[in-house]
Amino acid sequence: MRMTTTVTTIAKVAGGLLAITMAAATHAQCIQGDLNGDGTVNGIDLGILLGDWGETCPAVITSVTPGVGLPAGGTAITITGQQLGGVQSVTIGGVAATNVVGVSPTTITAVTPPLKSLGAKDVVVTTTAGTATLVGGFTYSQIAEWGTVLEMVPDPAVVTNAGLRAAIIATGLPWRVRDNASQIEMLLVPAGTFMMGCSPSLQYECESNENPVHQVTLTQAYYLGRYEVTQAQWTAVMGSNPSGFQSASAQVPAAQVPLRPVEKVSWNMIQGFETATGLRLPTEAEWEYACRAGTTTAFNNGSNDDATLGTLAWFWTGSCSGGAMCQTRPVGQKLANALGLHDMHGNVYEWVEDWYGSSYYAQSPAVDPLGPTSGSYRVLRGGTWYFNSDFCRASFRDVLDPGNNGILSGFRVARTP
């Protein structure tokens, strides 16, 4: 009888302590002890707790660092999470990783295996606590040879077009990278189909060389500079600065002058920059597709109204009084388009790869057009600080001799992944 009383007393004390513990958890973490969600911590919750007593907590992967590597394998990765002790194996895309080491219950190190197929692959860790999977946790990409990944997945605040975001993610390629040779930031433009050609504004009709409007399909994703190439970036690669706007002004302080777009560069001069960096100019079709970013209007804000262009572009508004509008401006000061690309309208003209043909659109291939095979002039796009809104329309085409290095002309780089 005395023993029964003692056991009962111990049970009451233990139960009381457990109840106090659960109640404390309730006050501290908003009814965390209310396991059945009825608003009260009571014996029912205690039964649930005791029923799960002794169960093994599941393994969980929270991150893989770095998240990108070459298809040849050999990338040393760190896997972090919970309940990762007693690791038995790690696979990436179904292939076993090597040099797997359980550093702690929250950390595993391993080396990626070679894999022929590119894109995002599942990372699977098997431990004594079970199996954990991080879907798309590691991406095999050739980008690791030339670029540094800044962000894998597009930021919705930057890539505002949901369809374009989905298309970027579907490629399995990193969205935002930095080219190692030039330190230029680049954004991924997914493959797609669009209508290329004439987009008049409310104030200006199209030129004849913008017709006919024709469907174009780009079959390969590509990277495009988030900004026009700056004076600082050109100088770092080429060793000197040809630009006409190298001085500070009332609108551009000295510290921001290196961020002005480089100009006075001819198409021919740009070939040296390409050789030094492995970058290229976009084709005319790639340029227009990226500029439009899903729009069909004169300007990539979805409007044909010339009065709206001021939020997107530096361009001539009818007066150069005091020189305020008669100069280039640091890149990225105006709003981006739905792909996150800045200054596709205005600031400086942008050379593209294509030779010019005034009637080329009438015979342009419907898939991956490259422009005429020869010619006397190269194409420029986007308008400039010196010209009005007509020249800034998404479909407007201008031309110059490839040796011309005027004060209006700059460029934006592209790269095939």
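## The largest pocket

The largest pocket in this predicted model has a volume of about 190 Å³, and its lining is made up of 13 residues, among which Ala-120, Thr-139, Met-152, Val-153 and Ile-169 lie nearest the centre. Strand S9 gives the largest share of this lining, four residues, while S9 and helix H3 (162–171) each supply at least two. Sorted by class, the lining holds eight nonpolar and five polar residues, with no charged ones.

## The sheet beside it

Strand S9 also belongs to an open sheet of five strands, which has mixed pairing and runs in the order S2-S9-S8-S4-S5. Strand S2 (68–69) and strand S5 (95–96) stand at its edges, and because each has a single partner strand, one side of each is left without a neighbour in the sheet. Within the sheet, strand S8 (residues 119–127) pairs with strand S9 (residues 130–140) in the antiparallel sense over eight bridges, and in this pairing Ala-120 stands opposite Thr-139 in S9.

## The second largest pocket

About 160 Å³ of space lies in the second largest pocket, whose lining includes Leu-218, Arg-280, Glu-286, Asp-368 and Thr-416. By class, the residues of this lining divide into five nonpolar, four polar and three charged.

## A buried asparagine

Asn-209 is found in the loop between strand S13 (192–196) and strand S14 (214–218), and with a relative accessible area of 9% it counts as buried. Leaving aside residues up to four places away in sequence, Asn-209 touches Tyr-356, Ser-358, Tyr-361 and Arg-397, and a polar contact of 3.0 Å joins its side chain to that of Tyr-356.

How values were computed:
Residues are numbered from 1 along each chain as its sequence is written. This is a predicted model: local features need pLDDT of at least 70, side-chain atom pairs count only at pLDDT 80 or more; totals for chains, interfaces and linings use all residues. Side-chain values use heavy atoms; hydrogens and water are left out. Buried means under 20% relative accessible area, exposed over 50%, partly exposed in between (1.4 Å probe, protein chains only). A polar contact is a pair of N or O atoms within 3.5 Å; within protein, one must be able to donate a hydrogen and the other to accept it, and residues adjacent in sequence count only if both atoms are side-chain atoms. Contact means heavy atoms within 4.5 Å. Two strands pair if DSSP finds at least two bridges between them. On a 1 Å grid over the protein atoms alone, a cavity is a set of points where a 1.4 Å probe fits but cannot get out, and a pocket is an open set with protein on both sides within 12 Å along at least five of seven lines; lining residues have an atom within 4 Å of a point. Grid points are joined across faces, edges and corners, and a volume is the space filled by probe spheres set on the points. Ala, Val, Leu, Ile, Met, Phe, Trp, Tyr, Cys and Pro count as nonpolar, Asp, Glu, Lys and Arg as charged, and the others, Gly among them, as polar.
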